[in-house]
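Here is a short briefing on the structure shown below. Read it with the model open, and follow each residue as it comes up.

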Amino acid sequence: MVYEDIDGNGSQDLLSGEMGIEGWTVELYWEGQLVTSTASGADGTFSFAGLGNTGTTMFSVCLGAPPASWSAGHVQTQPVGAMASGCSGTGYAFTINNQFPTRTVTKFGEMMQ
């Protein structure tokens with residue numbers, strides 16, 4: 001999920017109106033190479049399906065280009081300082097065993113400036 005972190009504390013608070021951001025490019029890397037990308041949906045969620053059976057392997061999920069409404073300026077509040085292989089900035093790196101269905105919770109917090 002990509003969400004608006006209104007207070008900049010690096011944690012999503014739905015009761016404070018920190019909702020998902022639509023249209024943010026999210027990229028999937030494998031062994032440092034871009035595999036595919038997608039855009040976050042109306043609720044800020046995204047997914048990468050049909051990765052096939054790659055066995056146990058390391059993937060990186062990174063934020064790409066923001067939607068036009070956010071291009072004026074923003075700062076990433078979640079994750080903080082998490083460098084992932086292939087990412088030009090911060091992102092998440094995790095191991096997936098594709099022999100079994102996998103769901104990984106990955107949140108990106110962005111604060112508009």
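**Valine 75 and its surroundings**

Valine 75 sits in strand β5. The model is predicted. With a relative accessible area of 31%, valine 75 counts as partly exposed, because that class lies between the buried limit of 20% and the exposed limit of 50%.

- Beyond residues up to four places away in sequence, valine 75 touches Gly109, Glu110, Met111 and Gln113.
- Valine 75 and aspartate 5 are 70 residues apart along the chain. Their C-alpha atoms are separated by 9.5 Å.

**The chain as a whole**

- The protein chain has 7 strands and 0 helices. Its pattern along the sequence is β-β-β-β-β-β-β.
- The protein chain has 113 residues, and 35% of them count as buried.
- What share of the contacts with a separation of 6 or more comes from residues 24 or more positions apart? The share is 61%.
- The exposed area of the protein chain is about 6,300 Å². Carbon and sulfur atoms supply 52% of that area.

**Glutamate 18: buried, with no salt bridge**

- Glutamate 18 belongs to the loop between β1 (2-4) and β2 (25-30).
- Glutamate 18 is buried but has no salt bridge. Which side chain of opposite charge is nearest to glutamate 18? That is lysine 107, 8.6 Å away. A salt bridge needs a side-chain nitrogen of Lys or Arg within 4 Å of a carboxyl oxygen of Asp or Glu, so this pair does not qualify.
- A polar atom of the glutamate 18 side chain lies 3.3 Å from the backbone nitrogen of aspartate 7.
- Outside its neighbours within four places in sequence, glutamate 18 contacts Tyr3, Glu4, Asp5, Ile6, Asp7, Ser11, Gln12 and Asp13.

**Glutamine 12: a link to lysine 107**

- Glutamine 12 is also placed in the loop between β1 and β2.
- Is glutamine 12 buried or exposed? Glutamine 12 is buried, because its relative accessible area is 17%.
- The side chains of glutamine 12 and lysine 107 are joined by a polar contact of 2.8 Å.
- Neighbours within four places in sequence aside, glutamine 12 is in contact with Met1, Tyr3, Glu18, Met19 and Lys107.

**Aromatic residues**

- There are 3 aromatic pairs in the structure.
- One of them joins phenylalanine 46 and phenylalanine 108. The pair is tilted, with 40° between the planes and 6.3 Å from centre to centre.
- This pair links distant parts of the chain, 62 residues apart. Phenylalanine 46 lies in the loop between β3 (33-39) and β4 (56-63). Phenylalanine 108 lies in strand β7 (residues 108-112).
- Both phenylalanine 46 and phenylalanine 108 are buried.
- Phe46 and Phe108 form one aromatic cluster together with Phe48.

**Tyrosine 29 in strand β2**

- Tyrosine 29 is part of strand β2.
- Tyrosine 29 counts as buried because its relative accessibility is 12%.
- Which side chain makes a polar contact with the side chain of tyrosine 29? The partner is glutamate 27, at 3.0 Å.
- Tyrosine 29 and alanine 93 are 64 residues apart along the chain. Their C-alpha atoms are separated by 9.1 Å.

**The loop between β5 and β6**

- Cysteine 87 lies in the loop between β5 (74-78) and β6 (91-97). Proline 79 is found in the loop between β5 and β6 as well.
- The peptide bond from glutamine 78 to proline 79 is cis. Its omega is near -5°.
- Cysteine 87 has 11% relative accessibility, so it counts as buried.
- Not counting residues up to four places away in sequence, cysteine 87 touches Ser60, Val61 and Cys62.
- Cysteine 87 and leucine 28 are 59 residues apart along the chain. Their C-alpha atoms are separated by 9.1 Å.

Terms used. Residues are numbered from 1 along each chain as its sequence is written. This is a predicted model: local features need pLDDT of at least 70, side-chain atom pairs count only at pLDDT 80 or more; totals for chains, interfaces and linings use all residues. Side-chain values use heavy atoms; hydrogens and water are left out. Helices (H or I, at least four residues) and strands (E, at least two) are DSSP runs, numbered from the N terminus. Buried means under 20% relative accessible area, exposed over 50%, partly exposed in between (1.4 Å probe, protein chains only). Lys and Arg count as positive and Asp and Glu as negative; His and the chain ends are not counted. A polar contact is a pair of N or O atoms within 3.5 Å; within protein, one must be able to donate a hydrogen and the other to accept it, and residues adjacent in sequence count only if both atoms are side-chain atoms. Contact means heavy atoms within 4.5 Å. Accessible areas come from the Shrake-Rupley method with a 1.4 Å probe; for residues, only the protein chains shown count as cover. Rings of Phe, Tyr and Trp (its six-membered ring) pair if their centres lie within 6.5 Å; planes under 30 degrees apart count as stacked, over 60 as edge-to-face and the rest as tilted.
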